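Here is a friendly note to help you find your way around. Please keep the sequence and the 3D view open as you read.

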Amino acid sequence: MVEEDKTRMPLEIGHVLFVDIVGYSKLLINEQSELLQHLKEIVRESEQVRAADAEGKLIRLATGDGMALVFRNSPEAPAACALELSRADKQHPELQLRMGIHSGPINQVTDLNERANVTGAGINMAQRVMDCGDAGHILLSKRAADDLAEYRHWQQLLHDLGECEVKHGVTLSLVNLYTDTDGNRELPAKLRRAREQQTAKERAASRRRRMIVLIGIAVLILALAALVTWMESSRRADRLVPASDARNVTPSAVALDEKSIAVLPFENLSSEKDDAFFADGIQDDVLTSLGKIKELTVIARSSVMAYRGAALAGKLREIRQTLRVSHVLEGSVRRSPKLVVINVQLIDTRNERQVWSQRYERGLTDVLSLQGEVAVEIARELQATLTPSEKSVVATKPTDNPEAYLVYLRAREMELRQLTSDADPEAIRKLYQQAVDLDPTFALARARLSMRLSGVSSGPDGDPILRAKALAEAQEALRLRPGMGEARLALAYYYWSIHESDRALAELTEAEKLLPNSAEVWQVRAIIYRLQNKIRERIAALRRAEILDPRDTNGLRLLAMTLRDVRDWSEAEQTADRVRALLPGPRLHWKYHRAWDEVRRTGKLEPLQQELTRAPAGPEGDKSEIHRAFQFALAMLERDFVTADRLLRQLPANVFEGEPHPKVMYEALLAVARGGDRAGIERTLMAAREEIEKLRAASPNDYYSSINLGLIDAFLGRKDEAIREGRRAVELAAAVSQLEKNDASAALALIYARTGESNLAIELIEHLLTVPADLIQEGVYNMTVAELKWRWEWDPLRSDPRFQKFIAGPEPKTVY
């Protein structure tokens, strides 16, 4: 414990100004020296630099062709300093500067010369922001601009630029800072080129896809958790943390393993940059092969991808502490039509020394077995003993067909980045099918194809033909490779898709033996435990997956959602904050969801009101669809139905896709809430009923349709029909899981309330407030004390003393 305290790196927020001399690399050495000297001089003369220096709140970092200034006194300091440098820059026309500003987490460290230094995402993000600019630009991340926008004197100087794609496909929201005399008001060339290349049609399609992914991401994660291969140590976690205790364990609680390793992203050195998929595929194959060796602790892919392109010299300590590994493997791949050259080196993170390195030159056919060879070499260096079955599994080539292997790598690369890109799910499935067609004995491709098929055919309305093919592919993969864990995992997905939970868990037990470092196994367990209403086991499984893959945002999202379902608002908020910290750049919708959870926790509307008021102006702020959607929700709670009507008209129907209530249902609810002409209200209700009947015809087992029809009938005064639809919804939901049944029961309680059955409504509410609720989706019947208090739909019960007791007292403890 003493040693851990000595090496712990405290996090703080740094306000970073990254400065770069444009065209520096093209200058002669003496010219470079002169310009750097000029830059140092004008920086020394900056009032902001002097003030921060005097307070001991400034760290300077040399970056070769510029510098980074880390202010720790004020978020205004880097912006004010940038304007000072811009003014001074005009006195040296030969010195052309571009600057980037970001506020984010930093770690203050001491280098080998005992000088102050910093690392962390704050530095990296500031450089990425700067890289988007040209000479004279002062660009800010949205996070930094939001801080400045709190002050009136800065607001008129901030100009939203929209999004810019930087390294590794990361998208940043940028703001340009300029005055009449300082800065550069022109659109950066990088953004201008991107806009010229993108047609209006493509922009609209991209926005729709992003919104669909955003609105439906929770459902997507639950249905398709197999999008990522999460490979890290379960062996050591098993020994240190029993499954029954995993609920309260975090990655930092797991001791550093002598035989632990992180396989960092391989650098693509090929002349064709499109070959990046090949380098990623080789890395994934090596990682997967290592993950099948029980004595090794192997970090999952999603956790190591954050270090793509990182210079190891300054990152090894961070990697050791964040990922809890004693070794890293880094490599590069150069591919030509006839030859593949792969260089790898194994480095000890504790002393930063190279342990082993190797260069491989192979034809494409020979590369197919290379991952096994590398895995065996590394296991030998780490003194891990392979069992005979492990040697066989690791040494087996996935396929003898190079063309099938390349197609498989493309599919896998698309699949692994699907949740953070616009990758087409159907295209991924077709590529796996193409790999199987090229080599019918390619068991791994069959297993991955089966998982995709199970995902798209799950549920009572799933395509039975696709479901049958999913089973056939999984069984054939197992027949071809009886010792392949992915085949067992594919069978687990199939049984999950048809709700045979016990058989799915049995297959997962077998998969875990063959994939001892797979976080995916535990995440699938968590999904199945949800079906079985085993919430404690689900949380424990997600905690275990978190240990195996500490930087995986998808698993953390699942955990945050589950904690929300049991109304553990504090833990849910902390977990969601961890997700936000791992995601690059500001995420407006996360702020709104956090504020909404605060409303549910406190019963007060102010958190959401304040967050919406703080939104920046523009298409990525107060004009965005997600902003309007939350404004609409708030207006309904405030009973400002005029504003709600205006906002609802502005929102497209696809914003509500995947939610319990389609847009037509909200139009009907709003008509009832506003009152007035009864005939007009009934016409609106009947129009909504007609549209929802169409939805039910397309998905007859979707209980949401019965909920909406029951509510419409209740508002129309059709008591018997309303209650019949509400009970039908409960029956349909019960076939899915207990959590869905609780969700439909909450809707039935609202139907009882609206049809005069107060006793039945109160009885249900009293029970439902103490059991887990499906709070991922936003329904007007969501069962929290805050929503009972504010939603107008519950008004028929408002004068009932029993209902008043519910909303006056603290929220009951959820039993699970």
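The points below go through the cores, two helices and a few backbone angles.

1. Before you start: this is a predicted model, in which local features need pLDDT of at least 70 and side-chain atom pairs count only at pLDDT 80 or more, while totals for chains, interfaces and linings use all residues. Residues are numbered from 1 along each chain as its sequence is written, and side-chain values use heavy atoms, with hydrogens and water left out.

2. A good place to begin is the largest nonpolar core, which has 105 residues. Such a core is a set of buried Ala, Val, Leu, Ile, Met, Phe, Trp, Tyr and Cys residues joined through side-chain atoms within 4.5 Å. Buried means under 20% relative accessible area, exposed over 50%, and partly exposed in between (1.4 Å probe, protein chains only). Phe278, Ile282, Leu290, Leu329 and Ile378 touch the most other members. A second, separate core has 63 residues, including Ala629, Ile707, Val730 and Phe803.

3. Do look at Leu290. Beyond its neighbours within four places in sequence, Leu290 is in contact (heavy atoms within 4.5 Å) with Ile261, Val263, Leu296, Val298, Ala375, Ile378 and Asn517.

4. Next comes helix α14, residues 316-323. Helices (H or I, at least four residues) and strands (E, at least two) are DSSP runs numbered from the N terminus. In α14, the buried residues are Leu316, Glu318, Ile319, Arg320 and Leu323, and they pack against β9 (257-263), α13 (301-304), β12 (325-335) and β13 (340-348). Arg324 follows α14 and has a positive phi, near 60°.

5. Helix α33 covers residues 678-698 and reaches 31 Å from its first C-alpha to its last, close to the 30 Å expected; that expected span is 1.5 Å times one less than the number of residues. At its N-terminal end, Asp677 acts as a cap, with a side-chain oxygen 3.3 Å from the backbone nitrogen of Ala679. Among the buried residues of α33 are Gly680, Leu685 and Arg696. The buried residues of this helix pack against α32 (663-674), α34 (703-716) and α35 (719-734).

6. Two loop residues deserve a glance. Asn533, between α24 (519-531) and α25 (535-548), has a positive phi of about 60° although it is not a glycine. Arg567, in the loop between α26 (553-565) and α27 (569-582), also has a positive phi, near 60°. Are they buried or exposed? Asn533 counts as partly exposed because its relative accessibility is 32%, whereas Arg567, at 7%, counts as buried.

Methods. Polar contact = N/O pair within 3.5 Å; in protein donor to acceptor, adjacent residues only side chain to side chain.
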